[in-house]
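This report is a guide for a reader who meets the structure for the first time. It begins with a single pairing between strands and then moves outward to the sheets, the helix that crosses one of them, and the aromatic rings.

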Amino acid sequence: MRPRATAVVVPAHDEEALLPRALAALGAARRHASLAGVRVLTVVAADRCRDATAALARRAGAHVLPVDYHNVGLARAAAVAYALDVLGGPAGVWVASTDADSAVPADWLAFHTARGREGWEAVVGTVTVDAWPPAARGAADRHQRQYYATRPPYGPWHHPHVHGANLGVSAEAYVRAEGFPPLPLGEDHALVAALDRLGHRVLRTSDCPVTTSGRLRPRAHGGFGDAIAALAPRP
């Protein structure tokens, strides 16, 4: 696949504190030299936001899609549908998904589109936690042991993790897999499972991790944020 465009989708629910960092990181990533000639469209799905999330996203140059789901699967899918409509359909489009509390590295979009050009139809990446709160004493070590338990001492790591904060897929494969399902949790896992069932080429790699927040009160309950919170000592 030779991407003509990349659609970056970011679901957000009351994320005025962390969204500016996420969008600044995406702005740096879209300026990578290898993306010359590739259109990059960033869509923030402002899901039931009562704060300045939408205004901040517009100020940063993102397209804002106001929705009222309070459901990350519906929000992420709506952002993809909006982007593909603006871009004129899925042909030649790479869909890159991240989160409002995360910061992608400067080569993230370049990395994803390069894998698309190599023939991969999806990229399932890893995350790192940016800063552990003082209340999470010892949690960092426990997280490291658990998260990297299957990593070999050398060679590539075909890791078992799936994160909406670091996920990419060709839009055509995304459509064939019926996209993100309307789940309040695990929509990213369900999409990757569907891609696997259909025999798409899925690359699981730790080569380009995304930094995500270590907050102990995550927006989506039951996901990675709650796993982080569970490692912190109880008062």
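Within strand β3, Val67 is the bridge partner of Asp47. The model in which this pairing appears is a predicted one, and that should be kept in mind throughout. The two strands concerned are β2, which covers residues 39–47, and β3, and they pair in the parallel sense over 5 bridges.

**The sheets**

This pairing belongs to an open sheet of 7 strands with mixed pairing, whose order is β3-β2-β1-β4-β8-β6-β9. At the edges of that sheet stand β3 (63–67) and β9 (202–204), and because each has a single partner strand, one side of each is left without a neighbour in the sheet. On average, and with direction ignored, neighbouring strands of this sheet are turned by 20° against each other.

Strand β2 also pairs with β1, again in the parallel sense, and here the pairing runs over 8 bridges; within it, Ala12 stands opposite Ala46 in β2. Strand β1 is mostly covered, with 8 of its 8 residues buried. Its residues point to two sides, with Ala5, Ala7, Val9 and Pro11 facing one way and Thr6, Val8, Val10 and Ala12 the other way, and all of them are buried.

Helix α4, made of residues 108–117, lies across several strands, namely β1 (5–12), β2, β4 (93–97), β6 (122–124), β8 (167–170) and β9, and it runs at about 135° to β4.

There is also an open sheet of 3 strands, in the order β5-β10-β7, and its pairing is mixed as well. Its edges are held by β5 (102–103) and β7 (127–129), each with a single partner strand, so one side of each is left without a neighbour in the sheet. Strand β7 pairs with β10 (residues 210–212) in the parallel sense over 3 bridges, and in β10 the bridge partner of Val129 is Thr212.

**The aromatic rings**

A pair of aromatic rings is described by the distance of the centres and the angle of the planes. The count of aromatic pairs comes to 4, and two of them are set out here.

| Ring pair | Distance of centres | Angle of planes | Arrangement |
|---|---|---|---|
| Tyr147 and Tyr148 | 5.0 Å | 75° | edge-to-face |
| Tyr174 and Phe180 | 5.6 Å | 65° | edge-to-face |

Tyr147 counts as buried because its relative accessibility is 5%, whereas Tyr148, at 22% relative accessibility, counts as partly exposed. Together with Trp157, Tyr147 and Tyr148 are linked by ring pairs into a cluster. In the pair of Tyr174 and Phe180, both residues are buried.

Phe180 has a further partner, since the charged end of Arg76 sits over its ring, 5.8 Å from the ring centre. A comparable placement involves Arg201, which lies over the face of Trp120 at 4.1 Å from the ring centre.

**The chain as a whole**

The secondary structure of the chain comes to 8 helices and 10 strands. Of the 235 residues in the chain, buried residues make up 52%. The chain exposes about 10700 Å², of which carbon and sulfur atoms supply 54%. Among contacts between residues at least 6 apart in sequence, 76% join residues at least 24 apart.

Key. Residues numbered from 1 in each chain as written. Predicted model: local features only at pLDDT ≥ 70, side-chain atom pairs only at ≥ 80, totals over all residues. Heavy atoms only, no water. Phe/Tyr/Trp six-rings, centres within 6.5 Å; stacked < 30°, edge-to-face > 60°. Buried < 20%, exposed > 50% of the residue type's maximum accessible area, 1.4 Å probe, protein only. Lys NZ or Arg CZ within 6 Å of the ring centre and 35° of its normal. Pairing = 2+ DSSP bridges. Helix = DSSP H or I, 4+ residues; strand = E, 2+ residues; numbered from the N terminus. Axes fitted to C-alpha atoms, helices over the stretch in contact; angles between N-to-C directions. Contact = heavy atoms within 4.5 Å. Areas by Shrake-Rupley, 256 points an atom, 1.4 Å probe, with all protein chains shown as cover.
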